[in-house]
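Biologist: Could you put the model up, so that we can go through it together?

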Amino acid sequence: MACAAVRIPGLRCSVGAVCTQGASLRLTFSALRHLTLTSIMKSKRKTDHMERTASVIRREIVSAAKVCGAANESPSVKSLRLLIADQDFSFKAGQWVDFFIPGVSVVGGFSICSSPRLLEQERMIELAVKYTNHPPALWVHNKKNILDLVNEFPEKIACSLHVTKQTTQISAELKPYITEGRITEKEIRDHISKETLFYICGPPPMTDFFSKQLENNHVPKEHIYFEKWW
């Protein structure tokens, strides 16, 4: 998962950094705008998003957000799901956001395709991103998933997906990696070593269960990582 930032134009608040591996990004809008306009001045490309929308009022706030998922809505459009931690953030239906990505010198402008109610209830927003050669859009459409990494580094990365209550058909791409049933204590023990780090993500009962299983098998607490998103 990579880092990015988004901002709502015309409102009193905005959305900011998408974090990866526990890292956080804190940038002021002034710094981001300076970086963006500087890159625009040095480029001979077509009019950039920030130039086209320069007259739109923006508040100088960047808040934390996290990429929680991506899905192909059509052959050319991908939706990006973001968790917004800032309780002051809000938007109106039909608005778009400025999308900042560290390491990408230009800014994207993407439509919010979810309703304000989703944000109120789950602190989530969804962006609709059409495939283009524009760097922010390429960044969204080219994030690698686990299977991409397994195929790229077969000698270094292995993947086993455990399924308990499958309600839809499993795709042919996933079937070789599927195991029916929960992860067993034996399977946990088979992967324990002095160097192994365990990362757990899920609802509280799942996190508590696996953390306890690992501790019972003498895994040091400093080797157990989990995210309390609830």
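Modeller: What follows is a walk through this predicted model, from the overall make-up to a few single residues.

Biologist: Fine, how many helices and strands does the protein have?

Modeller: The secondary structure comes to seven helices and 10 strands. Of the 230 residues of the protein, 35% count as buried, and residues 24 or more positions apart account for 59% of the contacts with a separation of 6 or more.

Biologist: Let's take the strands, then. How do strand 2 and strand 3 run, parallel or antiparallel, and how many bridges join them?

Modeller: Strand 2, residues 65-72, and strand 3, residues 77-84, run antiparallel and are joined by seven bridges. The connection between strand 2 and strand 3 is a hairpin of four residues, and within this pairing Gly69 has Arg81 of strand 3 as its bridge partner.

Biologist: And which way does strand 3 pair with strand 6?

Modeller: That pairing is antiparallel too, with seven bridges between strand 3 and strand 6, the latter covering residues 124-130. One of the positions to look at is Val77, whose bridge partner in strand 6 is Lys130.

Biologist: Which salt bridge does Arg81 make with its side chain?

Modeller: The side chain of Arg81 meets that of Glu126 in a salt bridge, at 2.4 Å from N to O. Because Arg81 lies in strand 3 and Glu126 in strand 6, the pair ties together parts that are 45 residues apart in sequence. Arg81 itself is partly exposed, its relative accessible area being 23%, and a network of salt bridges links Arg81, Glu122 and Glu126.

Biologist: How many salt bridges is that in total?

Modeller: The count comes to four salt bridges. Among them are two in helix 6, where Glu185 pairs with Arg189, the closest N and O atoms being 3.8 Å apart, and where the side chains of Lys186 and Asp190 meet at 3.1 Å, N to O.

Biologist: Why do those partners in helix 6 sit about one helical turn from each other?

Modeller: Glu185 and Arg189 are four residues apart in helix 6, so about one helical turn separates them, and Lys186 and Asp190 are likewise four residues apart in that helix, again about one helical turn.

Biologist: Is Asp190 buried or exposed?

Modeller: Asp190 is exposed, with a relative accessible area of 53%, where the cut-off for exposed is over 50%. Glu185, at 36% relative accessibility, counts as partly exposed, and Arg189, with 42%, is partly exposed as well.

Biologist: Switching to the inside: which residues touch the most other members of the largest nonpolar core?

Modeller: That core has 21 residues, and those touching the most other members are Leu80, Leu82, Ile84, Phe99, Ile125, Leu127 and Val140. At least two residues of this core come from each of strand 2, strand 3, strand 4 (96-100), strand 5 (108-112), strand 6 and helix 4 (135-141). There is also a second, separate core of seven residues, including Phe198, Leu214, Val219 and Ile224.

Biologist: Leu214 is in helix 7, right? Which residues of helix 7 are buried?

Modeller: The buried residues of helix 7 are Thr207, Phe210, Ser211, Gln213 and Leu214. Seen down the axis of helix 7, these fall within an arc of 160°, so they line one face of the helix. They pack against helix 6 (185-190), strand 9 (198-200) and strand 10 (224-226), whereas the face turned away from the buried side carries the exposed residues Pro205 and Asp208.

Biologist: What span should helix 7 have, going by 1.5 Å a residue?

Modeller: Helix 7 has 13 residues, 204-216, which should span 18 Å at that rate, and its end C-alpha atoms are 18 Å apart, which agrees. Helix 7 is followed by His218, which has a positive phi, near 65°.

Biologist: One last spot: where does Gly109 sit?

Modeller: Gly109 is placed in strand 5 and counts as partly exposed, at 39% relative accessibility. Although Gly109 and Trp96 are 13 residues apart in sequence, their C-alpha atoms are 6.5 Å apart in space.

Biologist: And which residues is Gly109 in contact with, leaving aside its neighbours within four places in sequence?

Modeller: With those neighbours left aside, Gly109 is in contact with His49 and Val97.

Terms used. Residues numbered from 1 in each chain as written. Predicted model: local features only at pLDDT ≥ 70, side-chain atom pairs only at ≥ 80, totals over all residues. Heavy atoms only, no water. Pairing = 2+ DSSP bridges. Core = buried A, V, L, I, M, F, W, Y, C linked by side-chain atoms within 4.5 Å. Buried < 20%, exposed > 50% of the residue type's maximum accessible area, 1.4 Å probe, protein only. Expected span 1.5 Å × (residues − 1). Arc of directions from axis to C-beta. Contact = heavy atoms within 4.5 Å.
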